[in-house]
Amino acid sequence: MVVGVHSAKFPNERESSSLVEAVARHRVTHPVVNDADFAIWQRYGVRAWPTLVLVDPQGYVVGGVSGEGHGPLLRQYIARLVDEARAAGHLAAGPKPFSLTITPRSGGTALSRTALRFPGKLLAEPDGNRLFVSDTGRHRIVVADQSGRLLDEAGGADEPGFEDGPFERARFHEPQGLALVGPHLYVVETGNHAVRRLHLGTRVVETVAGTGRQQIGPVRPSGPARQTALNSPWDCLAADGWLYLAMAGCHQIWRLALDGTDRLEHFAGTGHERLVDGPREQAGFNQPSGLATDGRVLYVADSEASAVRAVDLDGAGQVRTLVGEGLFEFGDVDGTGAEVRLQHVQGLAWAGGVLYLADTYNHKVKRLDPVTRSVTSWLGIGAPSRAEGRPGGLAEPQGVSVAGGRLFVADTNNHRIVSASLDTGVLEEIGLR
């Protein structure tokens, strides 16, 4: 029996309403306790996320381990413990003593074709009228026009999978970042640890990087992209013949060659979770989850440090921190440079010399001037809400994209897409139809 203990770092994650949404988003089926005051964390002597503690049927702690990648070891010890407990007559028989049914605020599991469920990232076509949406909770890619008229979809069985082929047969698992390159839409998936390519004309999906299994720990990729394991890629961006990948799971930036050579290579970050500037191969990142560029600089939403970083795309490749002070420096403070506080920023978009930030856990969109390093709140009220009756209301926005003088926002926990004029900031909902 598994019991999850949610000892949250960020204030937004400590709210039980946020936890309910997260349990629904990830379809967690075991019970989860909200350890908002860290009482359980302290009583068990926990020092790191994640920590797993093995408790025998009589309530004694018999082992524990921190970090990822311990599945085989845990299975071995659980099997041994089960055998011992069964021999001693300590195992309980019968059904589990709980039932857990949680659905998001959008309703039950029977959703219409136009209903979104936790949309993650989105991409507005800059020189056209299409809008691409990672409908993350429904494991599909939605293609619409920028007024919301549904044009096409890939995947969409409402259940995760990993299958290439025609749009109707293809399966995804928590798709996130999107990049449009000619007739192809590239998609990164956190659930399948893969990069997929959608042929928009022929309506076929193929896998171009990743094995479908998670690579644990920092690594420098080598070998063909289809034979190299990835670790929770969260966003992608095409520039100068490369597809840059925000590898949140290993705190690095990788890139995939778009010239057909199948090359996958390390670009920045040592893999150690820390806020360290300098030459890109020696710098440290913290769960990078969003990318944007002005053509010269790659901007990175460094989520776990609530920071925004800048990486030169020229040969020097220096990494600089625009805003953000470290893993445990977060909040909701506008200002300049070191005085700025964000809370788990996940999305970035560049337009007209300004970076637009999806300040996810502050339920806001903010604007950052990368020259002066000044940040101002623009959309959102600092608490989860909808726009009706409360202008600018957002709930954990994750993705942002600019086209045609408008900012498009994946309003994730409101299960919708909204847009705002860059001039007026007036927020409008884009209902799919």
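## Exercises on strands and rings

Strand β6 (residues 130-135) runs antiparallel to strand β7 (residues 140-145), and six bridges join the two. This is a predicted model, in which local features need pLDDT of at least 70 and side-chain atom pairs count only at pLDDT 80 or more, while totals for chains, interfaces and linings use all residues. Residues are numbered from 1 along each chain as its sequence is written, and side-chain values use heavy atoms, with hydrogens and water left out.

**Exercise 1.** Find the bridge partner of V133 in β7, then place both strands in their sheet.

*Solution.* Start with the terms: strands are DSSP runs (E, at least two residues) and helices are runs of H or I of at least four residues, numbered from the N terminus. Two strands pair if DSSP finds at least two bridges between them. Now look across from V133: its bridge partner in β7 is V142. Next, widen the view to the open sheet, where four strands follow the order β5-β6-β7-β8 with antiparallel pairing. Its edge strands, β5 (122-124) and β8 (150-155), each pair on one side only.

**Exercise 2.** Classify the ring pair of F10 and Y361, and decide whether each residue is buried or exposed.

*Solution.* First, the rule: rings of Phe, Tyr and Trp (its six-membered ring) pair if their centres lie within 6.5 Å, and planes under 30 degrees apart count as stacked, over 60 as edge-to-face and the rest as tilted. By this rule there are seven aromatic pairs. For F10 and Y361, the centres are 5.6 Å apart and the planes meet at 70°, giving an edge-to-face pair. Then trace the chain: F10 is in the loop between β1 (4-6) and α1 (11-14), and Y361 is in the loop between β25 (354-359) and β26 (364-369), 351 residues apart. For burial, the cut-offs are under 20% relative accessible area for buried, over 50% for exposed, and partly exposed in between (1.4 Å probe, protein chains only). F10 counts as buried because its relative accessibility is 1%. Y361, at 12%, is buried as well.

**Exercise 3.** Repeat the ring analysis for Y299 and W350.

*Solution.* The centres of Y299 and W350 are 5.6 Å apart and the planes are at 10°, so this pair is stacked. Y299 belongs to strand β20 (residues 297-302) and W350 to strand β24 (residues 347-351), 51 residues apart. Finish with accessibility: Y299 is buried at 4%, whereas W350 is partly exposed at 28%.
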